[in-house]
Amino acid sequence: MDYRTIDWNDVWKDLMSAQKTSNKEVENNLWNRKDNAERFWKRTQEFSDRTRLTLEELPLTPQSRVLDIGAGPGRLSIPVAERVAHVTAVEPAEGMRKLLLDNVAEKGITNLECVSKRWEDIDVGNDLNGPYDIVIASFSLGMPDIREAIQKMEKASSRHIYLYWFAGTSPWEEHSINLWSYLYGTNYTCGPKCDVLYNVLYDMGIYPDMQVFPMEYTNNFASMDEAMDFFRSRYAIETPEQEAILYNYLRDELSWENGSISERADSTRVRICWEKKQNN
Ligand SMILES: C[S@@+](CC[C@H](N)C(=O)[O-])C[C@H]1O[C@@H](n2cnc3c(N)ncnc32)[C@H](O)[C@@H]1O
C-alpha cells in the first residue's frame, strides 16, 4: 500500500460524518441546552487544574489579541480575557453562548466579543476582528472539513495556533459503543482523533508540537432521575424500551457511594500547537 495516497482530510470527513449520523448527541444539539452548558461549566470549575495548566502554557501577554473558537461557557475565554487586551469568542450553540455572556457580565469583562456562528460559516475578513496573536480551538473541532478549518485559522492568526483534541476512545464513546446496538440496532462509529489530525497537518506542511495529557473528572448526580435526564438527552431516548435499556446500563455502570451517584470520565487529551510560517 502506498500510504502517500491516503487523503487524511477525507478520513476526517468520513469519520466526522459517520459519527454525526450515529451520534444522537450532536443531532440533538447538546450544547444548545442551557442545563447541559451549566453542568459543563460547573464541572470545569470543580476540576480547574487542567485549565490552570492550559493558561500557563499559552503565550499570553497583556497586549495579546486572542481568538477562542468554540469557546463554550468561557472556561478559557474568561480567564484569558482577564490577562490580555482582547478576546473574540466564536460560539454557535445558544445554551453555551448565553452562559458565556452571563459569565462575562458577572465578571465585569469588557474586552470580550462573541460571534454566534459555526467556524465553517465564519468569513474571516467580515466576521472577525483579526489578526489574532493566538488562535485557540479547544475540544471544539467538530468541523466537517478540518483542512479548510485549519486554513481559516491560519488566515485569522498572525502567529500561534493551539488546538486541543482527543487521543483514544473517550469514556462517553465507550458508553455509545456499549449501548448503540441495543438502542438502535447499529454499531457506533467514533469520531476522528489526534492521529488523523496530525496527518492532515503534516500533509499541509505543518509539523506541530504535541503533548499528551490526562483529563480527569467526575460527573455527579443527586439521583438516578438526574442521571437519566442527563444521559437521555445525550442518547435521544424516545421509547420505553430505550428508556429501560439506558436505565439498566446506567445502574450497572455508574458508581454508587454513600447515596451519591457518579460517572468517572477520565480521558486522554492532546495539545497540538505551532507557529504560523510568516510567508503564509
Ligand atoms: C466541549 S465544548 C468546549 C468548550 C471550551 N472550548 C473548553 O475547552 O472548555 C465544545 C464547544 O465547541 C463548540 N463547537 C462545536 N462545533 C463547533 C464548530 N463547528 N464551530 C464552532 N464551535 C463549535 C460547541 O458549541 C461547544 O460550545
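**Exercise 1. The ligand site**

Which N or O atom in a side chain is 2.6 Å from an oxygen atom of the ligand?

*Solution.* A word on the ground rules first: this is a predicted model, where local features need pLDDT of at least 70, side-chain atom pairs count only at pLDDT 80 or more, and totals for chains, interfaces and linings use all residues. Residues are numbered from 1 along each chain as its sequence is written, and side-chain values use heavy atoms, with hydrogens and water left out.

Step 1: list the surroundings. The ligand has 18 residues around it, and the closest are Gly70, Arg75, Glu91, Glu120 and Ser138; a residue counts here if one of its heavy atoms lies within 4 Å of the molecule.

Step 2: look for polar contacts, that is, pairs of N or O atoms within 3.5 Å; within protein, one must be able to donate a hydrogen and the other to accept it, and residues adjacent in sequence count only if both atoms are side-chain atoms. The atom asked for belongs to Ser138, whose side chain places an N or O atom 2.6 Å from a ligand oxygen. A nitrogen atom of the ligand lies 2.8 Å from a polar side-chain atom of Glu120. Gly70 takes part through its backbone, with an N or O atom 2.7 Å from a nitrogen atom of the ligand.

Step 3: add the coverage. Of the 600 Å² of accessible area that the ligand has on its own, the protein covers 90% (Shrake-Rupley method, 1.4 Å probe; for residues, only the protein chains shown count as cover).

**Exercise 2. The sheet**

Work out the strand order, and explain why one side of S3 and of S6 is left without a neighbour in the sheet.

*Solution.* Step 1: trace the order. The open sheet has 7 strands, S3-S2-S1-S4-S5-S10-S6, with mixed pairing. Strands (E, at least two residues) and helices (H or I, at least four) are DSSP runs numbered from the N terminus, and two strands pair if DSSP finds at least two bridges between them.

Step 2: find the edges. S3 (112-115) and S6 (209-215) each have a single partner strand, so one side of each lacks a neighbour in the sheet. On average, neighbouring strands are turned by 20 degrees against each other, direction ignored.

Step 3: check one pair. S1 (residues 65-69) and S4 (residues 132-138) run parallel and are joined by 4 bridges; Val66 has Ile134 in S4 as its bridge partner.

Step 4: place a helix. H8 (residues 146-156) lies across S1, S4, S5 (157-167) and S10 (267-275), at about 145 degrees to S5. Axes are lines fitted to C-alpha atoms, for helices over the stretch in contact (heavy atoms within 4.5 Å), and angles run from 0 to 180 degrees between N-to-C directions.

**Exercise 3. Backbone surprises**

Is Ala236 buried or exposed? Which bond joins Gly130 and Pro131?

*Solution.* Step 1: recall the background. Most residues other than glycine have a negative phi, and most peptide bonds are trans.

Step 2: examine Ala236. Its phi is positive, about 45 degrees, and Ala236 sits in the loop between H11 (224-235) and H12 (240-253). Ala236 is buried, at 14% relative accessible area (buried is under 20%, exposed over 50%, partly exposed in between; 1.4 Å probe, protein chains only).

Step 3: examine Phe139. Phe139 has a positive phi of about 55 degrees, lies in the loop between S4 and H8, and is partly exposed at 22%.

Step 4: turn to the bond. A cis peptide bond joins Gly130 and Pro131, with omega about 0 degrees; Pro131 belongs to the loop between H7 (124-127) and S4.
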